There are 2 protein chains.
Amino acid sequence: MYFDEFTIGQRFEIGPVSLTLEEIKRFAAQYDPLPIHLDNAFASNTPYGGIIASGFHTLCAIWSQWVGTGIVHNEVIGGLGIDYLNWTAPVRPNDQLSGIVEVVDLIPSSKGGRGILVVRVTAYNQNSQEVLNAQVKGLIKASPG
Amino acid sequence: MYFDEFTIGQRFEIGPVSLTLEEIKRFAAQYDPLPIHLDNAFASNTPYGGIIASGFHTLCAIWSQWVGTGIVHNEVIGGLGIDYLNWTAPVRPNDQLSGIVEVVDLIPSSKGGRGILVVRVTAYNQNSQEVLNAQVKGLIKASPG
């Protein structure tokens with residue numbers, strides 16, 4: 001979808017996606033090598049009672065579900081940033097994460113032919129507990145002609 | 001390092017790290033499957049002139065360099081969120097990324113024995129061009145006793 005095809009308030013469902021213990025450890029080993037994401041014995045002695053996913057992993061997994069819808073694809077010029085992100089509950093192995101992507105702003109570019117798509121992403125686990133919310137901005141093309 | 005061992009204004013150097021074209025594509029295929037990150041022909045017809053890394057990949061790669069220092073390790077209770085993040089320039093295959101992590105705030109927890117470490121992460125490429133800045137919050141333990 002092009003910039004001018006979106007409307008503020010539009011909502012898209014994403015997911016479900018889950019992360020296995022092995023995937024959580026593999027991601028953490030590469031990008032966020034902390035004991036709470038990698039070390040069973042250490043994590044079992046925390047209030048979580050076991051390994052939790054890196055918040056960056058949760059973010060990427062949820063983002064993959066949004067991009068995977070194909071709603072934006074060739075139209076994307078590039079990412080601009082994240083206005084805010086909150087990890088609101090821990091994500092454990094095999095949690096089923098689903099979410100909502102809502103269009104919260106559409107900012108036309110002074111350059112023309114493009115604009116900034118601002119979406120709020122909210123993700124929940126299988127108990128309807130929110131695990132993440134974030135507002136992400138990307139530059140996308142307007143429809144040609 | 002424990003919460004009480006940090007001081008506002010402390011700065012830590014991180015990196016360098018680089019992402020090969022293959023790594024950029026592998027990450028994007030899993031987490032951000034957009035043509036600008038995956039499709040050579042498509043990307044060569046954009047103003048970038050070729051494939052650029054997913055901003056989420058850049059974020060994770062830079063974050064790995066911070067956690068990899070070991071400055072925070074067992075002390076980390078969990079991530080809380082990102083106050084803001086800006087992708088300020090594209091990251092291309094084999095760019096050498098380095099950065100600075102600066103302690104910008106230290107918020108004691110009302111619970112005691114812990115506090116919020118707020119860091120600003122700034123990353124640059126081999127031409128000293130800023131590619132990313134972000135402010136990230138995590139809960140860490142205070143020193144015991």
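**Exercise 1. Pairing in chain B.** How many bridges join strand S4 of chain B to strand S5 of chain B, and in which sense do they run?

*Solution.* Keep in mind that this is a predicted model. Start with the two ranges: S4 of chain B covers residues 114–124 and S5 of chain B covers residues 130–141. Eleven bridges join them, and the strands run antiparallel. For a spot to look at, find Ile116(B), which sits opposite Leu139(B) in S5(B).

**Exercise 2. Get an overview of chain A.** Work out which helices and strands chain A has and how they follow one another.

*Solution.* Begin by counting: chain A has four helices and five strands. Next, walk along the sequence, and you get β-α-α-α-α-β-β-β-β. Now for the dimensions: the C-alpha trace spans about 60 × 30 × 20 Å along its principal axes. Of the 145 residues in chain A, 36% are buried. Finally, look at the contacts with a separation of 6 or more: 71% of them link residues 24 or more positions apart.

**Exercise 3. Trace strand neighbours in chain A.** Find the partners of S3(A) and a residue pair for each.

*Solution.* Take S1 (residues 11–17) to begin with: S1 and S3 (residues 97–108) of chain A pair in the antiparallel sense over five bridges. Here Glu13(A) stands opposite Ile100(A). Then turn to S4 (residues 114–124) of chain A, which pairs with S3(A), again antiparallel, over ten bridges. In this pair, Pro108(A) faces Gly115(A). Now check the link: S3(A) and S4(A) form a hairpin with five residues between them. In that turn, Gly112(A) has a positive phi of about 80 degrees.

**Exercise 4. Put the whole sheet together.** In what order do the ten strands of the open sheet come, and which strands stand at the edges?

*Solution.* Read across the sheet and you get S1(A)-S3(A)-S4(A)-S5(A)-S2(A)-S2(B)-S5(B)-S4(B)-S3(B)-S1(B), with antiparallel pairing. S1 of chain A and S1 of chain B are at the edges; each has a single partner strand, so one side of each is left without a neighbour in the sheet. On average, neighbouring strands are turned by 25 degrees against each other, ignoring direction. To see where the chains join, go to S2(A) and S2(B): they pair in the antiparallel sense over four bridges. One place to check is Gly81(A), which stands opposite Asn86(B).

**Exercise 5. Relate the two copies.** What turn and shift lay chain B on chain A?

*Solution.* A turn of 180 degrees with a shift of 0.0 Å along the axis does it, at an RMSD of 0.0 Å. The copies are thus related as by a two-fold rotation axis. To find that axis, use Tyr84(B): of the residues of chain B, its C-alpha comes closest, at 2.6 Å.

**Exercise 6. Dissect the interface.** Which parts of chain B touch chain A, and what kinds of residue are there?

*Solution.* Each chain gives 29 residues to the contact. On the chain B side, helices H1 (21–31), H2 (35–38) and H4 and strand S2 (76–87) each supply at least two residues. S2(B) gives the most, with eleven. Sort the chain B side by class and you get 17 nonpolar, ten polar and two charged residues. Is the surface shared or not? 100% of the interface residues of chain B are also interface residues in chain A, so the copies meet through the same surface.

**Exercise 7. Zoom in on H4(B).** Check the length of this helix, then its surroundings and one of its residues.

*Solution.* Start with length: at 1.5 Å a residue, the 13 residues (55–67) should span 18 Å, and the end C-alpha atoms are 18 Å apart, which agrees. Then burial: twelve of the 13 are buried, so H4(B) is largely enclosed by the rest of the structure. Among them are Phe56(B), Trp63(B) and Trp66(B). As for neighbours, H4(B) lies across S2 of chain A together with S1, S2, S3, S4 and S5 of chain B, running at about 120 degrees to S1(B).

Last, pick Val67(B), which is found in this helix. Val67(B) has 20 C-beta neighbours inside 10 Å, so it counts as buried. Val67(B) touches Asp32(A), Pro33(A) and Leu34(A). Val67(B) and Ile14(B) are 53 residues apart in sequence and 9.3 Å apart in space, C-alpha to C-alpha.

Notes: Residues numbered from 1 in each chain as written. Chains lettered and ligands numbered in written order. Predicted model: local features only at pLDDT ≥ 70, side-chain atom pairs only at ≥ 80, totals over all residues. Least-squares fit on C-alpha atoms with pLDDT ≥ 70 in both. Contact = placed C-beta atoms within 7 Å. Expected span 1.5 Å × (residues − 1). Nonpolar A, V, L, I, M, F, W, Y, C, P; charged D, E, K, R; others polar. Pairing = 2+ DSSP bridges. Axes fitted to C-alpha atoms, helices over the stretch in contact; angles between N-to-C directions. Lists of a residue's contacts leave out its neighbours within four places in sequence.
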